[in-house]
Amino acid sequence: MLILAIDTALDACAAAVLDTSAGGVIALESQAMKRGHAEALMPLIARVMKASGVAFAALDRIAATTGPGSFTGLRVGLSAARGIALAAGKPVVGVTTLTAFAAPVVSENDEPHPVIAAIDARHDHVYFQALAGDGSSLIKPKVAPIAEALDAARFGAPYLVGNAAKILADRWPADAPPPFKVDQQAAPDIAWVAWLGAAVNPESSPARPYYLRAPDAKPPKDPLSAAAQPPASR
């Protein structure tokens, strides 16, 4: 499969083209940024596609991060992904940022450490999920006060990953085993967004915003949720 992956949900603007038959990403670009995704994304995608040597029509699927993340940023990526998919007549899928943070850790987790993926939700809250070392769910994705997230210390010394990894580490309970590792990342690895995009089922992974709580800013309508997606390739 040839996958174009896009991520603008957090503090990066990134795109990659994955060729699963070749076993890896053939073109990638990621720029750290807190704002300005709308202006940067399409030129960045154009450069990545040119570097890959792959035509849009040759893609099998487009994948985009769906959140949790910046209300504006994730919509930039989703709008671009859906537009490209509609123009090319290809399916588009969504990958959550928490899954994208956790997946590479779980894949390389040789020791049975739990994995906590966490994203700063501000106001002393985080979006987080907890997984066992084998990837099975311990705590489903949710938004919660930091104090509640820290209760996951009961599962043992975790691998903390995400843009709130250090927030949790700095407030980790003194009477609990310390984190095995703290992997502070501003945004998920776009290569893993691409691999996850290749693996998910288009029927169960829609490319629409993934909210664990209502956004602070609310548009009058949500065209991304209401619009029909292009049909999946048969």
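## Paired strands 6, 7 and 8

Two strands are said to pair if DSSP finds at least two bridges between them. In this predicted model, strand 6 (residues 115–122) and strand 7 (residues 125–131) pair in the antiparallel sense over seven bridges, and one of the matched positions is isoleucine 119, whose bridge partner in strand 7 is tyrosine 127. Tyrosine 127 also stands opposite valine 143 in strand 8, a strand that spans residues 137–145 and is joined to strand 7 by six bridges, with the two running antiparallel. Strand 7 is mostly covered, six of its seven residues being buried.

Each of these pairings is also a hairpin. Strand 6 and strand 7 have two residues between them, whereas strand 7 and strand 8 have five residues between them, and in the turn of that hairpin glycine 135 has a positive phi of about 95 degrees.

## Arginine 122 and histidine 123

Where strand 6 gives way to the turn, two residues deserve attention for their backbone angles. Arginine 122, which lies in strand 6, has a phi near 65 degrees, a positive value in a residue other than glycine. Histidine 123, which lies in the loop between strand 6 and strand 7, likewise has a positive phi, of about 55 degrees, although it is not a glycine.

Are these residues buried or exposed? Because the cut-off for exposed is over 50% relative accessible area, arginine 122 at 63% counts as exposed, and histidine 123 at 65% does so too.

## Strand 9 and its parallel neighbours

Strand 9 (residues 159–162) is covered on both faces, with Tyr159 and Val161 buried on one side and Leu160 and Gly162 buried on the other. Strand 9 pairs in the parallel sense with strand 6 over three bridges, and alanine 117 stands opposite valine 161 of strand 9. Strand 9 also pairs in the parallel sense with strand 10, here over four bridges, and in strand 10 the bridge partner of valine 161 is aspartate 183. From strand 9 the chain crosses through helix 5 (residues 165–170) to strand 10, and this β-α-β crossover is right-handed.

## Aspartate 189 after strand 10

Aspartate 189 is placed in the loop between strand 10 (181–184) and helix 6 (190–199). A polar atom of the aspartate 189 side chain lies 2.9 Å from the backbone nitrogen of alanine 191. With a relative accessibility of 37%, aspartate 189 counts as partly exposed, because that class lies between the 20% limit for buried and the 50% limit for exposed. The C-alpha atoms of aspartate 189 and glycine 156 are separated by 26 Å, the two residues being 33 apart along the chain.

## Helix 3, a pocket and a cis peptide bond

Helix 3 (residues 97–107) is mostly covered, with eight of its eleven residues buried; among them are Leu98, Phe101, Pro104 and Val105.

The second largest pocket has a volume of about 220 Å³. Of the 13 residues that line this pocket, the closest to its centre are Gly94, Val95, Thr96, Ser204 and Ser205. The lining of the second largest pocket is made up of six nonpolar, six polar and one charged residue.

Elsewhere in the chain, the peptide bond from glycine 67 to proline 68 is cis, with omega near 0 degrees, and proline 68 lies in the loop between strand 4 (61–65) and helix 2 (71–88).

Terms used:
Residues are numbered from 1 along each chain as its sequence is written. This is a predicted model: local features need pLDDT of at least 70, side-chain atom pairs count only at pLDDT 80 or more; totals for chains, interfaces and linings use all residues. Side-chain values use heavy atoms; hydrogens and water are left out. Buried means under 20% relative accessible area, exposed over 50%, partly exposed in between (1.4 Å probe, protein chains only). A polar contact is a pair of N or O atoms within 3.5 Å; within protein, one must be able to donate a hydrogen and the other to accept it, and residues adjacent in sequence count only if both atoms are side-chain atoms. A crossover is right-handed if, with the strands pointing away from the viewer, the path from the first strand over the helix to the second runs clockwise. On a 1 Å grid over the protein atoms alone, a cavity is a set of points where a 1.4 Å probe fits but cannot get out, and a pocket is an open set with protein on both sides within 12 Å along at least five of seven lines; lining residues have an atom within 4 Å of a point. Grid points are joined across faces, edges and corners, and a volume is the space filled by probe spheres set on the points. Ala, Val, Leu, Ile, Met, Phe, Trp, Tyr, Cys and Pro count as nonpolar, Asp, Glu, Lys and Arg as charged, and the others, Gly among them, as polar.
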